[in-house]
Amino acid sequence: MMAGIACAILLLLAMVVILVQAAVGASRASTAADLAALAAADAARGLTQGEPCEVAGEVAGRHGVELESCQQIGAQGHIVDVTTSVQISYMLGAASGRARAGPPSELP
């Protein structure tokens with residue numbers, strides 16, 4: 001009986017650890033997408049040096065996240081839409097994040 005209860009507790013703890021890993025991965029991908037989009041939008045507006053999507057890729061890479069896509073949108077191309085992903089584990093797969101940044105007057 002005690003061995004069964006111990007196995008059930010271990011299984012429950014393993015499930016909690018897996019859920020925490022998924023939440024951390026999703027948060028990491030989302031945060032990196034936000035930062036990459038903001039940096040790319042600054043580059044698109046000429047506030048910083050560099051090509052916007054290259055800047056987004058550099059920022060994502062510094063946070064250990066892969067840049068999946070980067071698009072400049074809007075009338076003047078000042079809005080940047082970024083998608084990132086990070087591999088959580090072989091069992092869980094990858095978590096993704098998406099962000100859009102740019103001046104508020106151009107939002108569609």
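**View 1. Val86 and its bridge partner across the E2–E3 hairpin.** In this predicted model, Val86 has its bridge partner in E3, and that partner is Ala95. A little elsewhere along the pair, Thr84 is matched with Gly97 of E3. Strand E2 covers residues 79-89, and its pairing with E3 is antiparallel, with nine bridges. The link between E2 and E3 is a hairpin, and three residues sit between the two strands. Val86 turns up again in View 6, as part of a core.

**View 2. The E1–E2 hairpin and its turn.** Now for the other partner of E2. E1 pairs with E2 over seven bridges, again in the antiparallel sense. One of the matches joins Cys70 to Val82, its bridge partner in E2. These two strands also make a hairpin, this time with five residues between them. Look for Gly74 in the turn: its phi is positive, at about 95°.

**View 3. The whole sheet, with E2 in the middle.** Put the two hairpins together and you get an open sheet of three strands, in the order E1-E2-E3, with antiparallel pairing. Which strands stand at the edges? They are E1 (66-73) and E3 (93-101); each has a single partner strand, so one side of each is left without a neighbour in the sheet. From one strand to the next, the twist averages 15°. As for E2, nine of its eleven residues are buried, so this strand is largely enclosed by the rest of the structure.

**View 4. Two helices laid over the sheet.** Helix H1, residues 2-44, lies across E1, E2 and E3 and runs at about 155° to E2. Helix H2, residues 52-62, lies across E1 and E2, and its angle to E1 is about 150°. Just after H2 comes Gly64, another residue to pick out by its backbone: its phi is positive, near 70°. Back on H1, Cys7 is a residue to check for cover: is it buried or exposed? Cys7 is exposed, with a relative accessible area of 52%.

**View 5. The buried and exposed sides of H2.** Five residues of H2 are buried: Pro52, Val55, Ala56, Val59 and Ala60. Why do they line one face of the helix? Seen down the axis of H2, these buried residues fall within an arc of 135°, so they end up on one face. The general rule behind such patterns is that an α-helix has 3.6 residues a turn, so residues three or four places apart point the same way. The cover over the buried residues of H2 includes H1, E1 and E2. On the other side of H2, you'll find Glu54 and Arg62 exposed.

**View 6. Inside the nonpolar cores.** The largest nonpolar core holds 15 residues, and those that touch the most other members are Ala36, Ala37, Val55, Ala56, Val59, Val80 and Val82. H1, H2, E2 and E3 are the elements that give two or more residues to this core. H1 gives the most, with eight residues. For a closer look, try Ala56: leaving aside residues up to four places away in sequence, it touches Ala36, Ala40, Leu67, Cys70 and Val82. There is also a second, separate core of five residues, and among its members are Ala29, Ala32, Val65 and Val86.

**View 7. The disulfide between Cys53 and Cys70.** How many disulfides does the model have? The count comes to one. The disulfide is formed by Cys53 and Cys70, with their sulfur atoms 2.2 Å apart. It links distant parts of the chain: Cys53 belongs to helix H2 and Cys70 to strand E1, 17 residues apart. The angle about the S-S bond is -85°, and the link is left-handed. Cys70 may look familiar from earlier views, as the residue bridged to Val82 in E2 and as one that Ala56 touches.

**View 8. Pro104, past the last strand shown.** Pro104 lies in the segment after E3. Pro104 is exposed, with a relative accessible area of 68%. Where does that put it relative to Val17? The two residues are 87 residues apart in sequence and, going from C-alpha to C-alpha, 39 Å apart in space.

Conventions:
Residues are numbered from 1 along each chain as its sequence is written. This is a predicted model: local features need pLDDT of at least 70, side-chain atom pairs count only at pLDDT 80 or more; totals for chains, interfaces and linings use all residues. Side-chain values use heavy atoms; hydrogens and water are left out. Two strands pair if DSSP finds at least two bridges between them. Helices (H or I, at least four residues) and strands (E, at least two) are DSSP runs, numbered from the N terminus. Axes are lines fitted to C-alpha atoms, for helices over the stretch in contact, and angles run from 0 to 180 degrees between N-to-C directions. Contact means heavy atoms within 4.5 Å. Buried means under 20% relative accessible area, exposed over 50%, partly exposed in between (1.4 Å probe, protein chains only). The arc is that of the directions from the helix axis to the C-beta atoms. A disulfide is a pair of cysteine sulfur atoms within 2.5 Å. A nonpolar core is a set of buried Ala, Val, Leu, Ile, Met, Phe, Trp, Tyr and Cys residues joined through side-chain atoms within 4.5 Å.
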